[in-house]
Amino acid sequence: MEYSKFSRFHFSLTQFKCYEDYLDSKVTPLDLFYFKQKELAHKLVEHGHRGTVLSREEFEERKAAVQAAEAAKSNAFYDRSRPVTLASAGKELKDNFLKALAEREEANRSGKMTSVIFIRDHNTLGQEVSGYIDYAHRLKTQDFEPYFSGKKRLMPARSDLCYYNWKTQVSTSNSSPNFEVIYDDPNGLLFKNKRDKKILNLDPLSGPGEDSNRTFLQSDIYIHVVIYDHNVRTV
């Protein structure tokens, strides 16, 4: 992989254990011949007589930043490579909707896919509500075992991407970590994926968008459910 000069400069700092080692790399054999002592040669370099040289504070700050970036990259790789614990594992699922959620759980947990769930049904007060749910985000913030075991029903909430109560006419919309809500577009309600910037079109008379699929499901426990799957491509 090719790095820019800027990137190579910053990543090269990690080869030095301390600031003195960094200064050593700037000292020439001729410097040591004339000054005899390494400390004096260091002073010469530190005061800029060998071109642009980082101060001790700049060296420590930039080295720490590079190490932090490398640690974050390593942690991200570990999170993607380690086994994902699935809430649907071992569950005997009969409803088509729950089966569809189980099929998509691993991909949404690992980041390979981001699915949006549309649900229309009645809440515990008997009021008809509908909304769009960021499945991957809900998986990270909620325990889905009760949903897959049938102890609870997954329903839209005011904190989801979109929510509407047909009885009270309460309406909310919120962007999530995965999607930006676009509600003022002439084509209607849209969701923009924050990772690849591609648009998810919710209009049933139009295609769902690039790298996306729309699945209509017959469910015994909901009036109306649709799942939009967006496959995330990494560059």
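At the start of helix α6, a side-chain oxygen of D95 comes to within 3.0 Å of the backbone nitrogen of F97. The model is predicted. Helix α6 covers residues 96-110, 15 residues in total. The distance from its first C-alpha to its last is 23 Å, close to the 21 Å expected at 1.5 Å a residue. The helix is bent by about 45 degrees at R104. R104 is also one of the buried residues of α6. The others are F97, L98, A100, L101, E105, A107, N108 and S110. Just after the helix, G111 adopts a positive phi of about 95 degrees.

Helix α6 also enters the largest nonpolar core. This core holds 22 residues. Within it, F97, L101, I117, I119, F144 and L154 touch the most other members. At least two core residues come from each of α6, β1 (113-122), β2 (128-134), α7 (135-141), α8 (145-148) and β9 (224-231). The largest share, four residues, is supplied by α6. In soluble globular proteins, nonpolar side chains tend to be buried together.

The surroundings of L154 illustrate the packing. With residues up to four places away in sequence left out, L154 touches F97 and L101 of the N-terminal part of the list, then I117, I119, I133, R138, F144, Y147 and Y222. A second core lies apart from the largest one and has twelve residues, among them C162, F191, V226 and Y228.

Two buried polar residues were examined next. D121 is found in strand β1. Is D121 buried or exposed? D121 counts as buried, because its relative accessibility is 8% and the cut-off for burial is under 20%. Its side chain makes a polar contact of 3.0 Å with the side chain of R153. A polar atom of the D121 side chain also lies 2.7 Å from the backbone nitrogen of I223. D121 and I223 are 102 residues apart in sequence. Their C-alpha atoms are 5.3 Å apart in space. Neighbours within four places in sequence aside, D121 is in contact with Q127, E128, V129, R153, M155, I221, Y222 and I223. R153 and I223 therefore appear both among these contacts and as polar partners of D121, since a polar contact needs N or O atoms within 3.5 Å and a contact needs heavy atoms within 4.5 Å.

S176 is located in the loop between β4 and β5 (179-182). This loop residue is buried, with a relative accessible area of 7%. A polar contact of 2.6 Å links the side chain of S176 to that of D134. With neighbours within four places in sequence left aside, S176 is in contact with D134, L161 and K194.

Two further loop residues concern backbone geometry. Q169 has a phi near 65 degrees, a positive value in a residue other than glycine. Q169 sits in the loop between β3 (162-165) and β4 (171-173). Its relative accessible area is 59%, so Q169 is exposed. For K197, phi is likewise near 65 degrees, and K197 too is a residue other than glycine. K197 occupies the loop between β6 (190-193) and β7 (199-201). With a relative accessible area of 55%, K197 is exposed.

The chain-wide figures complete the description. The protein chain contains eight helices and nine strands. Its length is 235 residues, and 38% of them count as buried. Among contacts with a separation of 6 or more, 49% join residues 24 or more positions apart. The chain exposes about 14700 Å². Carbon and sulfur atoms supply 52% of that area.

Notes. Residues numbered from 1 in each chain as written. Predicted model: local features only at pLDDT ≥ 70, side-chain atom pairs only at ≥ 80, totals over all residues. Heavy atoms only, no water. Expected span 1.5 Å × (residues − 1). Bend = angle between axes of the 7 residues up to and from the residue. Buried < 20%, exposed > 50% of the residue type's maximum accessible area, 1.4 Å probe, protein only. Polar contact = N/O pair within 3.5 Å; in protein donor to acceptor, adjacent residues only side chain to side chain. Core = buried A, V, L, I, M, F, W, Y, C linked by side-chain atoms within 4.5 Å. Areas by Shrake-Rupley, 256 points an atom, 1.4 Å probe, with all protein chains shown as cover.
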